[in-house]
Every structure is written in structure tokens, then in C-alpha cells.
Amino acid sequence: MADHSERDEFTELPDLSEFLREDPYLVPYQEDLCRRYQLFTERLSKLEEAEGSFDDFTRSYMSYGVQRQANNSLMFKEWAPGAQALFLTGDFNDWNSTSHPYTKKEYGKWELYLPPKRNKAPAIEHETKLKLVVLTSEGEELFRISPWAKYCHKHVDSNTYDWIHWDPIRPFLHQHTRPKRPRSLRIYEAHVGIASPAEEIATYTNFTLNVLPKIKDLGYNCVQLMAIMEHAYYGSFGYQVTNFFAASSRFGTPEDLKRLVDTAHSLGITVLLDVVHSHASSNTADGLNKFDGTDSCFFHSGPRGHHPQWGSRLFNYQSWEVLRFLLSNLRWWMEEYRFDGFRFDGVSSMLYHHHAMSFSGGYSEYFGMQVDEDSIIHLMLSNHILHTLYPDCITIAEDVSGMPGLCKPVKNGGLGFDYRLNMAVPDKWIQILKELKDEEWDMGNIVYTLTNRRKGEGSIGYSESHDQALVGDKSLAFWLMDKEMYTNMSSLIPMTPVIDRGIQLHKMIRLLTHALGGEGYLNFMGNEFGHPDWLDFPRKGNGESYQYARRQYNLLDPDNNLRYTQLYAFDRDMNLTEDKYGWLDKPPRAFIKDKVIVFERANVMFVFNFHPSNSYSDYRIAAGPNGKYRIKLDSDAEQYGGHGRLDTDTEFFTEQEPFKARLCSLSLYIVKAFLKFGSVTVVRYFAAVYSLFRAK
């Protein structure tokens with residue numbers, strides 16, 4: 001953790017010069033940007049004055065909930081402003097609901113002290129089942145779980161989760177330091193519970209032993225873990241959080257998760273948590289909803305506190321104790337589990353009172369009454385604290401609205417995220433595959449969509465994520481090859497026209513997105529090899545089946561002789577090529593002609609031929625540095641399910657022939673081949689990556 005001076009970097013007004021120069025459309029909104037910044041600095045100043053420092057304030061997980069003291073006594077502390085009385089009950093007192101009352105303190109806080117036993121052991125043992133008893137103003141007794149509970153578990157015959165006191169004698173100790181922040185971020189988005197071919201809920205241990213090695217082999221340097229924060233409903237994909245400080249017990253214990261993160265670090269893999277602070281489950285018995293018996297507490301009361309589409313509760317970000325809870329939650333995951341950063345879910349919903357449900361894209365919509373400034377200030381505080389205390393921390397925003405400055409530093413008028421998800425890209429690919437014939441593809445529109453992102457703000461490009469894998473949608477592979485994936489993926493038989501086209505386009509779409517779609521890249525688990533099934537969690541509608549709540553890594557077994565291994569190999573070598581040349585943190589320069597897309601990035605030349613019928617000989621393209629180029633990655637190579645029509649030992653020399661405003665150019669043979677299967681023409685597409693071998 002970094003040393004820091006919490007206030008030195010901030011002035012009364014942000015430095016907007018670069019921001020406005022990059023986006024002149026923001027000039028009329030300078031006052032709005034400055035007001036947001038001033039609200040942020042005022043909030044930060046009040047926090048520091050009241051709490052001493054944000055470092056201490058955001059470590060409140062060390063004083064709230066239950067804390068074992070040096071002498072093995074136990075201190076309990078809760079915030080329940082609407083409660084008339086608070087009690088602790090559980091296995092330790094035979095579930096007596098009134099024998100252990102809390103003492104009421106100022107500002108809605110409650111405390112309880114339990115001395116150690118005569119043998120000096122804690123009064124409550126590790127893995128003891130506990131509950132809070134909240135006495136409401138109406139005299140009703142409510143059984144609740146502490147919002148700060150570190151472990152919750154559901155018995156097989158129970159409908160709700162229980163609070164389990166977690167205080168192991170020998171807690172797991174991390175052995176490995178955090179990896180250095182990646183220069184180029186290549187993210188493997190993963191869900192622990194589905195990370196196995198078996199029709200069951202997979203475990204942290206399975207992920208550690210069987211999936212992390214695959215992520216390393218594939219060349220991804222970051223894993224983004226979904227559904228870690230405890231959630232009562234498995235089918236919510238982890239986005240209806242009930243217990244914010246508890247790692248999901250479905251997959252194992254907290255110590256198992258710590259071992260997973262530590263093992264990832266030993267492999268040089270950065271670990272991000274998919275954090276959900278945009279809303280919370282509406283559950284009462286095992287969630288935060290009506291924790292103290294009132295409609296508010298952690299949330300807004302009335303309609304503002306309920307999400308109209310999601311059926312969940314919405315936090316009151318202006319509340320001091322909500323701020324304590326959520327900021328401490330970020331610190332908890334960074335400190336206790338050693339995560340390296342976060343993907344913030346539902347940011348678009350947070351930014352606007354209408355939750356981005358009626359957004360059309362005009363600049364005026366980024367400012368004004370429709371914007372939720374409490375949420376904006378909260379996100380600025382979250383990013384400021386994380387990046388101050390952990391300079392290498394990575395934060396990614398899920399935002400579809402394109403909010404200007406979302407990924408600008410706070411001191412420059414931004415909200416402080418490092419990256420936003422380029423969510424328009426997967427939508428574009430699905431639209432193309434769903435609606436257009438091959439010859440109707442508009443290369444200019446594709447390139448525009450891939451590169452249409454805010455200047456000076458990082459974006460994560462991806463062709464598909466978990467959203468496209470869900471039941472009711474289709475993955476790229478399924479759009480391309482559909483039911484033939486179940487019958488015609490054997491490498492021992494010739495490819496059918498559908499499989500041939502699908503395999504070639506699957507590689508090209510992913511490489512083009514990787515190389516042009518952002519400053520980082522993301523892939524959802526299994527999609528790297530064209531996973532054949534959608535994702536559907538157990539529910540009444542499917543007979544509580546786990547058949548589609550899994551990833552069939554067994555398809556990669558060499559003995560199966562399936563073409564999934566060819567897609568896997570291409571994805572691996574695509575990542576390893578990026579790792580060598582580092583194009584993700586360099587700007588691209590592209591041109592398009594004849595359905596051929598050509599661009600340079602980091603002294604690497606990319607050539608894609610999407611034409612369904614034409615090959616080109618002596619095809620001239622502009623070149624950057626004068627020198628000699630060689631093919632470093634060829635989608636048509638046989639090991640990737642291609643047809644091996646290019647000689648990768650061929651050297652291509654630049655010529656002193658100006659082209660497309662460049663002083664040098666290259667002449668290439670760009671292939672497209674076809675074969676006849678009966679009366680069907682099989683189109684074979686091509687993409688190649690050329691690198692500058694040496695300068696003359």
C-alpha cells in the first residue's frame with residue numbers, strides 16, 4: 001500500500017485544459033464539471049475532518065461486525081438507526097433472543113462486549129451460527145444477518161442463508177506479492193461455479209487447480225471473477241448481492257478463495273473482483289433490505305430506493321454510514337483477499353436517476369437534473385481512495401452511456417476509472433451476424449464501432465462477454481455454426497461449409513476486436529474455444545438442471561480430436577503475440593478498401609480480408625517504419641483450423657513508394673480461396689499479423 005498525502009493533489013478547481021481540448025463539446029459544461037469536483041472535495045474534506053483520515057474510515061471492517069480482541073474477548077458493533085433494541089443470538093446461547101443485548105450508542109450505533117471464557121477461549125467459537133435480533137418500533141422481532149458478516153452459508157434444507165462466525169485458528173496467509181500492473185490488460189472473465197464440465201457447482205479449489213493454469217497458458221494476464229460476493233439466488237449470476245463482505249460459500253471457504261488469489265499471483269495473473277455497489281438484493285432475512293425494520297437504513301426510502309427494472313434496492317450514497325460501508329467493502333476485498341482491482345457493475349444505472357433506461361446520447365443528458373450527482377461523487381471517492389492507497393489498482397466501469405470523463409483522473413475533472421467496457425462492440429457483431437449476409441458487411445461501420453471511444457480514456461474491447469452467453473442469446477460461435485457444432489467439429493473429417501466459415505470468422509472477429517477495439521481486451525471463459533452451449537443456471541423452468549451451468553473444458557482433450565482445440569490455440573497465440581509486441585497500449589491507424597481492413601499498431605501491421613469472393617495479388621498497403629516484415633500470426637495456418645496457404649518464412653520489404661500519406665508501402669498477396677462441395681461455395685477468410693523484423 002502506498003504512502004499518501006490525502007489532500008495535497010487537490011485544488012479548488014480541476015485542471016480541465018486537456019479534457020476540453022480533447023472534447024470541445026464539453027466547453028459549455030465547464031461549470032457542471034467544476035461543481036462536481038467541488039462537491040467531491042467538500043465530501044472528502046468533511047470525511048477527513050470527522051474521521052481523521054480516509055485510511056481509517058475505510059478500514060471500518062476492523063471495528064464493525066464482530067472483532068476478536070488480543071485477550072480473546074469479542075466486540076460487536078452495528079449501525080441500525082431504526083431499531084429500538086438489538087440482541088445477539090445463536091448456537092452459543094441456545095438461541096435465546098434476548099439474553100445478549102447490545103448497548104445503544106450515538107448516531108444509531110450499537111455495541112456488545114463478550115469477555116473470553118474461563119479457559120481464555122473466545123465466547124463464540126469458529127463456525128458458530130449467529131443471528132441479530134432487531135426489535136422494531138412496532139415491537140416486532142426480526143432475525144437478521146450482520147451487514148459485516150464475513151461468511152454466510154445455506155443449509156441444504158433451508159431457504160435462507162445463515163451468518164457463520166468465521167475466525168479460523170490458522171487463517172490462510174498470502175505467500176506471493178501482487179503482480180506488477182499489466183502494460184496491456186488481457187482479461188479472462190470467469191465464474192467459479194460453472195468452471196467445470198461436471199453438472200454441479202464447481203469450487204474455488206477446482207478453479208485454482210484446473211482453470212488458472214489454462215488462463216496462464218492462454219496468455220491472459222488478468223482474471224475477472226464474477227459472483228464472488230455472496231448472493232442468495234444462484235441464477236442472478238452474482239448481481240443480486242445479499243452479503244457484501246462474505247465470499248460465496250457455494251464454492252468453498254474464505255481461505256479457499258484466498259488460496260485462489262494467491263496462486264493467481266504466483267502465476268503473474270492480476271485478479272479483479274466484479275463488485276456490485278450499484279444495487280442490492282431485496283431479500284430481508286439474509287440481505288440488507290429493511291435491516292433495521294425500516295424501508296431506508298442503507299437505502300433511499302420510497303420509489304427512489306427501488307430499481308424499477310431489477311426489483312432490487314438502491315443505496316443512499318449521501319448517507320455517511322453507507323459511505324463507510326461501501327468504501328470499507330472495497331478495502332476489505334483489497335486487504336483481506338488481496339484482489340488487485342474491480343470491475344464496477346451497473347455504473348450506467350448509478351449515473352442517472354432514470355438508470356440509463358431513456359438515454360439517447362446528447363451531451364446535455366450527461367448533466368442536469370437527470371444525473372445522480374450523489375452517485376457520481378461516490379464513484380469519484382471510490383476511485384480516489386483506491387488509486388491513492390493502491391497506485392496499481394485497476395478499476396473498470398460497466399457503462400453504456402458514454403459519460404465523458406468517466407475514465408479521466410479525478411483531479412482533471414473525471415470520475416477516476418481506468419477503463420470502461422466498450423459495450424457497443426459485441427452488440428455490433430451480434431447485429432451483423434444476425435441480420436446481414438457476408439457480402440453486406442460494412443467494413444467502415446465495423447471499424448468505426450471498434451474505434452469510436454472517448455479520446456484519452458481507456459476502453460476494454462471484447463467481441464462477447466457473459467451477456468452474450470446467457471440463455472436467450474447466442475455466442476459468436478453459435479451464431480456462426482449453430483447446431484453443426486454438435487455434430488461436425490471433428491478434426492478427423494473434412495469441414496462442412498458452415499464449420500469452415502464459422503471457424504475462420506470466429507478467429508478474425510476476435511483478432512480484429514483484440515487489435516482495434518480498445519486499450520484492453522476481455523474474453524468470457526470458454527468462448528476462446530467456441531464453447532457450444534449457452535449458459536442457463538438451475539431454475540424451475542429447466543428442472544433445476546446444471547446441464548448448461550458449466551463450461552465443457554473436456555472438449556479440449558486431445559483424444560477427442562475436436563476443432564475446439566484449434567480455436568483455443570489461435571486465442572493463445574493471439575494473446576502471446578500481443579504480449580510480445582504490446583499493441584493494446586498504442587494508438588491504431590487504419591484504412592479500408594475492397595473489404596480489406598489494414599492498420600498499424602505498435603510496429604505491427606494487421607491485414608484482414610473480409611471479402612467473400614476475392615483474393616488480391618500485389619495488393620499495396622501503406623507501411624510505417626522502413627524495413628522488412630514477417631508474418632507473426634496467420635489465421636489461415638493449419639494448426640488453427642486454416643488451410644495453410646501462406647509461407648510464414650516469406651519476408652516482405654518496404655518500398656520507397658508513397659501510399660496513403662505514408663512514405664513507404666508494401667505489396668502483399670492477400671488470399672481468399674474457395675472449394676466446391678457439391679453446388680455449395682465455401683468461402684475462406686484470412687487475417688494476418690505482420691511485424692517489423694528489422695529496420696534497414
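Is W95 buried, exposed or partly exposed? In this predicted model, W95 counts as partly exposed because its relative accessibility is 35%, which falls between the 20% limit for buried and the 50% limit for exposed. W95 is placed in the loop that runs between β3 (85–90) and β4 (103–104).

**Backbone at W95 and E544**

W95 is not a glycine, yet its phi is positive, at about 60 degrees. Most residues other than glycine have a negative phi. E544 is another non-glycine residue with a positive phi, in this case near 55 degrees. E544 belongs to the loop between β19 and α14, and with a relative accessibility of 45% it counts as partly exposed.

**Aromatic pairs**

The loop between β19 (520–524) and α14 (564–581) also holds F529, while Y564 is in helix α14. Across the whole structure, a search finds 42 aromatic pairs. One of them joins F529 and Y564: the ring centres are 6.2 Å apart and the planes stand at 90 degrees, so the pair is edge-to-face. Because F529 is in the loop and Y564 in the helix, the pair ties together parts that are 35 residues apart in sequence. Both F529 and Y564 are buried.

In the pair formed by F599 and F608, the ring centres are 6.0 Å apart and the planes lie at 10 degrees, so this pair is stacked. F599 counts as buried at 1% relative accessibility, and F608 is buried with a relative accessible area of 0%.

**Lysines over rings**

Two lysines have their charged ends over aromatic rings, as listed here.

| Lysine | Ring | Distance from charged end to ring centre |
|---|---|---|
| K214 | Y553 | 5.2 Å |
| K474 | W479 | 4.7 Å |

**R144, a buried arginine**

R144 is part of strand β7, which covers residues 141–144. Where is the nearest side chain of opposite charge to R144? That side chain belongs to E140 and is 7.1 Å away; R144 is buried and has no salt bridge. A salt bridge would need a side-chain nitrogen within 4 Å of a carboxyl oxygen, so the distance to E140 does not qualify. A polar atom of the R144 side chain does lie 3.1 Å from the backbone oxygen of K290. K290 is also among the residues that R144 touches beyond four places in sequence; the others are K131, L132, V134, T284, A285, N289 and F291.

**Two loop residues: S319 and L663**

S319 is located in the loop between β14 (270–275) and α6 (320–335). Its relative accessible area is 14%, so S319 is buried. Once neighbours within four places in sequence are set aside, S319 is in contact with R43 and W79.

L663 sits in the loop between β25 (651–653) and β26 (664–670). With a relative accessible area of 66%, L663 is exposed. Which residues does L663 contact, leaving aside its neighbours within four places in sequence? They are E655, Q656, E657 and P658. From L663 to T577 the C-alpha to C-alpha distance is 27 Å, and the two residues are 86 residues apart in sequence.

Conventions: Residues are numbered from 1 along each chain as its sequence is written. This is a predicted model: local features need pLDDT of at least 70, side-chain atom pairs count only at pLDDT 80 or more; totals for chains, interfaces and linings use all residues. Side-chain values use heavy atoms; hydrogens and water are left out. Helices (H or I, at least four residues) and strands (E, at least two) are DSSP runs, numbered from the N terminus. Buried means under 20% relative accessible area, exposed over 50%, partly exposed in between (1.4 Å probe, protein chains only). Lys and Arg count as positive and Asp and Glu as negative; His and the chain ends are not counted. A polar contact is a pair of N or O atoms within 3.5 Å; within protein, one must be able to donate a hydrogen and the other to accept it, and residues adjacent in sequence count only if both atoms are side-chain atoms. Contact means heavy atoms within 4.5 Å. Rings of Phe, Tyr and Trp (its six-membered ring) pair if their centres lie within 6.5 Å; planes under 30 degrees apart count as stacked, over 60 as edge-to-face and the rest as tilted. A charge sits over a ring if NZ of Lys or CZ of Arg is within 6 Å of the ring centre and within 35 degrees of the ring normal.
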